Amino acid sequence: MLKNNLKLLLKSPHISIPLLILLLSTVGINLYAMSSYFMNSDIFAYAEKSLWLCIIGFIINFYASYEFFYQIRFSDTEETIQSYHNVKNKSDMVSLLLLAVFPFVQFVISLFFNCVLFSTSGMTNDSYMVHITLVYFLYIFLGGVTAVIFGALTARKIKRIVAYTIFALVLFLMSGISAFIFEGPSLSSSINFWQIKYFFAYLLPNNLNTIPYDDYGFPCELYRWNLSLFWVLFLLMLLIFTFRLTKKKLKIISVCLCAAAAAVNLTGYLMGGSHIEAGSGIDSIFLSDYVYYKNNKTEVKQQSADFKITKYEMLLNISRQLDAEVTMSLSDHQKGTYLFTLYHQYAVSNVTDESGNPLKYSRSGDYIDIKPDSSISKIKIKYSGYSSVFYSSSQGTALPGNFPFYPMAGYYDLKAKFGEYNHIFAPKTEYSVTVNAPQKIYSNLKETGDHTFYGKTNCPVFAGGLYEETDSDEYHICNISSEILLSEEITPEFLDDVQKKIDQLDKNSGIHLKDYYWLKMSLTFCNQAFGNNVLYSEDGIMLSSVDSPEETAKSIIEQKKIYDNAQ
Amino acid sequence: MLKLHNCKKIFKKKTALNGFSCEFDQGIYGLLGPNGSGKTTLMRCICGIMDTDGGNIESDENIIGYLPQNFGMFKTLTVYEMMDYFATLKNIPSKTKEEEIKRCLELVNLTEVMNVKTKGLSGGMIRRAGIAQAIMGDPNILIFDEPTTGLDPEERLRFKNLLKKIKKDKTILISTHIVSDVEAICNQLIVINQGKNIYQGSLEEIRSAAKNKVYIVSEKYEDQLEGNYFIKDRISKDNENFLYVLSNSKIKFGEPAEPGVEDGYLCLLKN
Ligand SMILES: Nc1ncnc2c1ncn2[C@@H]1O[C@H](COP(=O)(O)OP(=O)(O)O)[C@@H](O)[C@H]1O
Ligand SMILES: [Mg+2]
């Protein structure tokens, strides 16, 4: 049956030629992107170019599917085939499978080119390869399959003009051109109209012309998978609905199964979760908190705490968002109110003392007041949520310790301007942290076990994503995968140079770079998180640039002084 | 064996089958009925293309050869490729497929155009290809919906011969609204009107329905015709014009004539 349908497809030039062009352009675009990769070693610039395929594929796959099923529908063969023993639906399903092979081939070709790049580049860790496989599968394959099913469905039920008009409308909604429709209403009302656009747009990677985050990659979070799977299942359900099955039960069961699976995925999508929205949407990294603080009615407060936290025990569960359970040991505790700062997007669900008795608390904006009736030695807070800048998603984590993703003692002014917050350095204290995340998590605290970290700092940082540990015998280094290709990674040689410079600048600094865990962070992250190129801490040092050993040496000495002098 | 019992099919506004019952044995059945009487609907229900809204259809065959009223093919494929496409869907084993396709094409005389694209075929050839497709796999029940429309007299003759070539022990049902087709081909007749089986019997029997109801009347008496009558034809003989009249009541000034199948059919419809 497959052979027959393939023959029919190949013999219909108005379908087979566009599909052939699609496959050829898949190779062409990849070759073109590859040549530009060899010029500047930027693997993301490469992937970005190759991802244009998913848009071309979306259009051509829809066209091919529509025309193929349209041809079947209006060939006057339908009735003949229906008279055969229950083969009509099977034949249509086989046609559908055949058409789905094309996005799959596109996916495989693109992946092949990436494998070539991966094996010729210096990357040793496969986090990038896994990432790009998922991204291609999601956008090139699932995106293409969505278009195929959509084409089949419309061809069976809808006139050509109407079908193409609907498709053009969907494309328009997906593209950046339609942004103007949503911008105004969303800013002037409390409803986020962008959601309507995203419901279609997130089928493909939006904002292909903005460079992705080096440590995060292309958007590929769980909720996007939910959306793509929702569309595939939902359209499949409608398609099966158009089938005439002699076994009524089979039809009901398959429609129900599709509907149930689609509903699960729709729920997953609506649950949303942490992600990076780099566009002009209201929940973008630039706008979301800027708008919040602009409209926020609760006043900004600043007040130091009259108690101290001697130890944090944190359980950070990261999947769609951050679900945290933080226990704080208190010293100097006196009766009265405990003041904390916790970023407002984290919803507090539970506040208890050490034995699990609930404590009275009030929340307004970024602030929490906890009012125990008697004196307590520990407070445990449960909360969940995410920040649109410091993400904690199924794909990556970037939680810098000077952003209150955990309760900080006292009131701080967090105010954000276009994706930047005030950088808070809490008092130095002890941290014992367990992080469960889909990615491997790196931290400036000492890794003591599989998912556990321990140490003393004034700024615990947790990061996960496209990182790659490049351990040498002498140094413990973690770099960003893509930056290794650009030769912007921390190398033992570089650290040797920095050590030399430090020794020249200050013989008595007592800094031995080999004692630290080295984390390379993206420039964006460092700017947003610390406002500095270097973050010094007892067990780990983070760097965002490796240009000049001298500058780095100076910064480290300076930052260490600040750190040592801090409380 | 094929049995229909009280079959109903109701479309939104129209009752296409209204309690149709019938039994089929071996032989060639002509399904005769005016346009819109439900012939196509009946055949579709028998072939399982449509579900009935009541009644039941019994058959001990699991394949039925069917030629739809509007039979078509993919224009870009050749006749052989198209038959291959049908054969695969018909689950004809790949070992015997080629042989079977050739047998069927031979039977309908299309071997010569086997490798021609279907878009180049004449209307008659397309119908024949449709018949080839229907007889593929040698089903015991064959259903042809208006197989003779659009055929020229020569092709009609060929179709008649073709039916003779197809083995006798089959049940063949042919629908038509043209009586002369039935006369030439069929040995059993079913008349359908408004979704009901209004007659089933042999060709001879149907003539008797018009017994004593057919008259040839001179044109000059046309004004004097009365009661329930129907002028079927006008004939010219020896410079005088005559009317061929079907009438329920006796026409005194007319000459009784021997009724044909068509007359019987018309009488059934007009009553
Ligand atoms: N799919 C359909 N939807 C609605 N009405 C239909 C459909 N098919 C047939 N009909 C109606 O049912 C009646 C019988 O049609 P049909 O079986 O095609 O008659 P015949 O083949 O004898 O000309 C007609 O009045 C026709 O309009
Ligand atoms: Mg008909």
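Q: How many residues does the contact take from chain A and from chain B?
A: In this predicted model, chain A gives 24 residues to the contact and chain B gives 26.

Q: How much area is buried between chain A and chain B, and which residues of chain A supply the most?
A: About 2400 Å² is buried between the two chains, with carbon and sulfur atoms giving 54% of that area. On chain A, the three residues A:Asn4, A:Glu79 and A:Tyr84 supply 27% of what this chain buries against chain B, more than any other three.

Q: How many salt bridges and polar contacts are counted between chain A and chain B?
A: There are four salt bridges. One of them joins A:Lys11 to B:Glu81, at 2.7 Å from N to O. Polar contacts link 12 residue pairs, both partners at pLDDT 80 or more.

Q: Which helices of chain A supply residues to the side that touches chain B?
A: Helices H1 (2-10), H4 (52-73) and H5 (78-83) of chain A each supply at least two residues. The largest share, five residues, comes from H5(A). By class, this side of chain A has seven nonpolar, 11 polar and six charged residues.

Q: What are the protein donors of the magnesium ion (ligand 2)?
A: They are OG1 of B:Thr40 and OE1 of B:Gln69, at 2.0 to 2.4 Å from the ion. The pair is 29 residues apart in chain B: B:Thr40 lies in helix H1 (39-47), and B:Gln69 in the loop between strand S5 (64-67) and helix H2 (79-89).

Q: Is B:Thr40 buried or exposed?
A: The cut-off for buried is under 20% relative accessible area, so B:Thr40, at 15%, is buried. B:Gln69, at 33%, counts as partly exposed.

Terms used: Residues numbered from 1 in each chain as written. Chains lettered and ligands numbered in written order. Predicted model: local features only at pLDDT ≥ 70, side-chain atom pairs only at ≥ 80, totals over all residues. Heavy atoms only, no water. Donors = N, O, S within 2.8 Å, 3.2 Å for Na, K, Ca; no water. Helix = DSSP H or I, 4+ residues; strand = E, 2+ residues; numbered from the N terminus. Buried < 20%, exposed > 50% of the residue type's maximum accessible area, 1.4 Å probe, protein only. Contact = heavy atoms within 4.5 Å. Buried area = accessible area lost by both parts, 1.4 Å probe. Salt bridge = Lys/Arg side-chain N within 4 Å of Asp/Glu carboxyl O. Polar contact = N/O pair within 3.5 Å; in protein donor to acceptor, adjacent residues only side chain to side chain. Nonpolar A, V, L, I, M, F, W, Y, C, P; charged D, E, K, R; others polar.
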